[in-house]
Amino acid sequence: MGLSKDIGAHLFAGLAGLLATVRWGGKPRDCPRHNPAGLRDPGRLHYITGMIRPILIHPDPRLKKVCDPVVEITDEVRRLADEMLETMYDAPGIGLAAPQVGVMRRVVVMDCVKDPALPARPIVLVNPEVLWRSEELSTYEEGCLSIPEQYAEISRPAEVRVRWTALDGSPQDEQFAGLWATCVQHEIDHLDGKLFIDYLGPLKRQMITRKMEKLKRERARLGA
Ligand code: K1U
Ligand code: ZN
């Protein structure tokens, strides 16, 4: 009786692992089958929606526009948030804003827990607003999923207090510090049509933009 229960449990675990692998579209190290720790982490498994959205690459007019607020949290907004989280984890990135996937709404996702030994902390911020900025600045070498392989040191307020609406409609208010503060400001900038290269001088910005134009031409030529 005990043995057949055990065999049943093993068969179920094997089948679940196989199904997870078949549905998984991300990198092997994030795949529950290749990373059994991920399998035990419901925070990460929850976001296997099977839908990774293409990320827009600069220059693109949609990355320069101010996004509209979300007026009602519908199933469509919840699906968008799930797919944005999956896209962010797959990239991989620590944040993603809706305009980066071509949706002109004020939605951001973040998870700045970089250590895989720690539990994931996915956050969805609908209509985020900065309520307070510290006078103290912090400098971080920023990257952007819409400007691949380009990095620059950017100084921003070291701490910010942000208000937003959660997916269940509840108002949230949190003070962010460290990488979380840098990331949330980078993401809110995206909602206002601003990229980290807009903080650079015109020559550096132009050099990066030309590199991205070349990358886009090459990708188009390869059909990628
Ligand atoms: O919004 C984005 O383009 C995502 C961006 C967020 C960000 C990075 C650095 C500073 C501020 C905001 C990224 O996630 S770029 C990728 C990245 O930084 C990263 C990827 C994997 C592990 C750790 C960092
Ligand atoms: Zn970015």
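Student: How many salt bridges does a search of the whole structure find?
Tutor: This is a predicted model. A pair counts when a side-chain nitrogen of Lys or Arg is within 4 Å of a carboxyl oxygen of Asp or Glu. A search of the whole structure gives a total of 12.

Student: Which residue meets arginine 121 in a salt bridge?
Tutor: Arginine 121 sits in the loop between S2 and S3. Its partner is in strand S7 (residues 171-177), 53 residues apart. The N to O distance is 2.9 Å, and the partner is glutamate 174.

Student: Is arginine 121 buried, partly exposed or exposed?
Tutor: Buried means under 20% relative accessible area, and exposed means over 50%. Arginine 121 has a relative accessible area of 35%. Glutamate 174, its salt-bridge partner, has 23% and is partly exposed. Arginine 121 is likewise partly exposed.

Student: Which strands does the salt bridge of glutamate 129 and arginine 163 tie together?
Tutor: The two side chains meet at 3.5 Å, N to O. Glutamate 129 is partly exposed at 40% relative accessibility, and arginine 163 is partly exposed at 38%. The residues are 34 apart in sequence, so the pair ties together separate parts, strand S3 and strand S6.

Student: Why does the pair of arginine 156 and aspartate 189 tie together parts that are apart in sequence?
Tutor: Their side chains form a salt bridge at 3.0 Å, N to O. The two residues are 33 apart in sequence. The pair ties those parts together because arginine 156 lies in strand S5 and aspartate 189 in helix H5.

Student: Are arginine 156 and aspartate 189 buried or exposed?
Tutor: The cut-off for buried is under 20% relative accessible area. Arginine 156 has 4% relative accessibility. Aspartate 189 has 13%. Arginine 156 counts as buried, and aspartate 189 also counts as buried.

Student: Which residue is linked with Arg156 and Asp189 in a network of salt bridges?
Tutor: Arg156 and Asp189 meet directly, side chain to side chain. The network adds another acidic residue to them, Glu142.

Student: Which residues are the protein donors of the zinc ion (ligand 2)?
Tutor: The donor atoms are one SG and two NE2. They lie 2.0 to 2.3 Å from the ion. In sequence, the donor residues are spaced C-x41-H-x3-H. They are Cys144, His186 and His190.

Student: How many residues apart in sequence are the parts tied together by cysteine 144 and histidine 186?
Tutor: Cysteine 144 is buried, and histidine 186 is too. Cysteine 144 belongs to strand S4 (residues 137-144), histidine 186 to helix H5 (residues 178-191). The pair therefore ties together parts whose separation in residues is 42.

Student: Which element gives the largest share of the largest nonpolar core?
Tutor: This core has 19 residues. Those with the most contacts inside it are Met110, Leu125, Val162, Phe176 and Val184. Strand S2 (107-110), S3, strand S6 (159-165) and H5 each give two or more residues. The largest share, seven residues, comes from H5.

Student: How many residues does the second, separate core have?
Tutor: Its members include Val70, Met88, Ala120 and Val126. Met88 is also among the residues that methionine 110 touches. The residue count of this second core is 17.

Student: Where is the cis peptide bond with omega about 0 degrees?
Tutor: Its proline is in the loop between helix H3 (42-45) and helix H4 (75-90). That residue is proline 59. The bond joins histidine 58 and proline 59.

Student: What is omega for the peptide bond from alanine 91 to proline 92?
Tutor: Proline 92 lies in the loop between H4 and strand S1 (95-97). The bond leading to proline 92 is cis. Its omega is near -5 degrees.

Student: Which residue in strand S5 has a positive phi although it is not a glycine?
Tutor: Asparagine 127 has a positive phi of about 50 degrees, but asparagine 127 is found in strand S3 (residues 123-133). The residue in S5 (residues 147-157) has a phi of about 60 degrees. It is exposed, with a relative accessible area of 68%. The residue is glutamate 149.

Conventions:
Residues are numbered from 1 along each chain as its sequence is written. Chains are lettered from A and ligands numbered from 1 in the order in which they are written. This is a predicted model: local features need pLDDT of at least 70, side-chain atom pairs count only at pLDDT 80 or more; totals for chains, interfaces and linings use all residues. Side-chain values use heavy atoms; hydrogens and water are left out. Donors are N, O and S atoms within 2.8 Å of the metal (3.2 Å for Na, K and Ca); water is not among the atoms, so sites may look incomplete. Helices (H or I, at least four residues) and strands (E, at least two) are DSSP runs, numbered from the N terminus. Buried means under 20% relative accessible area, exposed over 50%, partly exposed in between (1.4 Å probe, protein chains only). A nonpolar core is a set of buried Ala, Val, Leu, Ile, Met, Phe, Trp, Tyr and Cys residues joined through side-chain atoms within 4.5 Å. Contact means heavy atoms within 4.5 Å. Lists of a residue's contacts leave out its neighbours within four places in sequence.
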